[in-house]
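Reader: I am new to this structure and would like a close look at a single part of it. Please take the open sheet and follow it into whatever lies around it.

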Amino acid sequence: TLASDNAKHASSVIRTDRTATWVMFALSDAGCRPAGSSGSWSLTIQVPTTVVSINRADTDPTNATNVSWTAIFNTAVGGVKSSNFTLVNSGLTGTPAITTVTPVGGVSPATQWTVTASTGGGSGTLGLNLTGDSGMDHTISNAPFTGQFYTVDHVAPTVSSVTRLTPSSASATNATALIWRVTFSESVNG
């Protein structure tokens, strides 16, 4: 709340960098300045910078060797790098790693950043969290922030069994059609 007892008028300006600035021009500032002098003061309030979301940018589940997330901030930020994020790996082999961090549109600062990571091998889940704001040009007030995860499956299905259904006997046949049931180690399409 701004006191208006000594203010001729106060104005408010919202800037694109999400700060609000109020400028007050004094009619009388007795006790603060010599009588008869005039002046103005400004008060700037910084709106906290937050992560809005870290969402998958690719299809899930996946068997891709690389996946991406889109990290969205409530205001444009710069200086975002791989060390600001942590991958959360459950069950994947090898070493999944963040490979690139780029501003959407190619210009920093930006409100949206693409984070790409390799997925390692095997099967499991891979998530992305923002864990710090070191080197960024804003303090992120809601860090750490948990993002979405991918279900990754690099293991090809295998045939578990093959059973002849029609005709059901294992003896030779002159049937014009044979029906077999093939069971796989996991669900398959096609």
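**The open sheet and the core**

Author: Three strands make up an open sheet, in the order β6-β9-β10, and their pairing is antiparallel. The model is a predicted one. The edges of the sheet are β6 (85-93) and β10 (145-153); each has a single partner strand, so one side of each is left without a neighbour in the sheet. From one strand to the next the twist averages 15 degrees.

The pairing of β6 can be followed further. Eight bridges join β6 to β9, which covers residues 121-130, and the two run antiparallel. One residue pair shows this: S90 has T125 in β9 as its bridge partner. As a general point, strands of a sheet pair through backbone hydrogen bonds, either parallel or antiparallel.

The strands of the sheet also take part in the packing of side chains. The largest nonpolar core holds 24 residues, and I54, W69, F73, F85 and L130 have the most contacts inside it. At least two residues of this core come from each of β4 (51-56), β5 (66-77), β6, β8 (110-118), β9 and β10. The largest share, five residues, is supplied by β5. In soluble globular proteins, nonpolar side chains tend to be buried together.

I54 gives a view of the surroundings from one position. Apart from its neighbours within four places in sequence, I54 is in contact with W69, T70, A71, F85, L128, N129, L130, F145, G147 and Q148.

W69 also belongs to an aromatic pair, and the count for such pairs comes to one. The ring centres of W69 and Y150 are 5.2 Å apart and the planes stand at 70 degrees; planes over 60 degrees apart count as edge-to-face, so this pair is edge-to-face. The pair links distant parts of the chain, since W69 lies in strand β5 and Y150 in strand β10, 81 residues apart. W69 is buried, at 0% relative accessibility, and Y150 is likewise buried at 0%.

A charged pair completes the picture. A search of the whole structure finds one salt bridge, and in it the side chains of D60 and R56 meet at 4.0 Å, N to O. D60 has a relative accessible area of 30% and is partly exposed; R56, at 31% relative accessibility, also counts as partly exposed. In general, side chains of opposite charge can pair when their charged atoms come close.

Definitions and conventions:
Residues are numbered from 1 along each chain as its sequence is written. This is a predicted model: local features need pLDDT of at least 70, side-chain atom pairs count only at pLDDT 80 or more; totals for chains, interfaces and linings use all residues. Side-chain values use heavy atoms; hydrogens and water are left out. Buried means under 20% relative accessible area, exposed over 50%, partly exposed in between (1.4 Å probe, protein chains only). Two strands pair if DSSP finds at least two bridges between them. Helices (H or I, at least four residues) and strands (E, at least two) are DSSP runs, numbered from the N terminus. Axes are lines fitted to C-alpha atoms, for helices over the stretch in contact, and angles run from 0 to 180 degrees between N-to-C directions. A nonpolar core is a set of buried Ala, Val, Leu, Ile, Met, Phe, Trp, Tyr and Cys residues joined through side-chain atoms within 4.5 Å. Contact means heavy atoms within 4.5 Å. Rings of Phe, Tyr and Trp (its six-membered ring) pair if their centres lie within 6.5 Å; planes under 30 degrees apart count as stacked, over 60 as edge-to-face and the rest as tilted.
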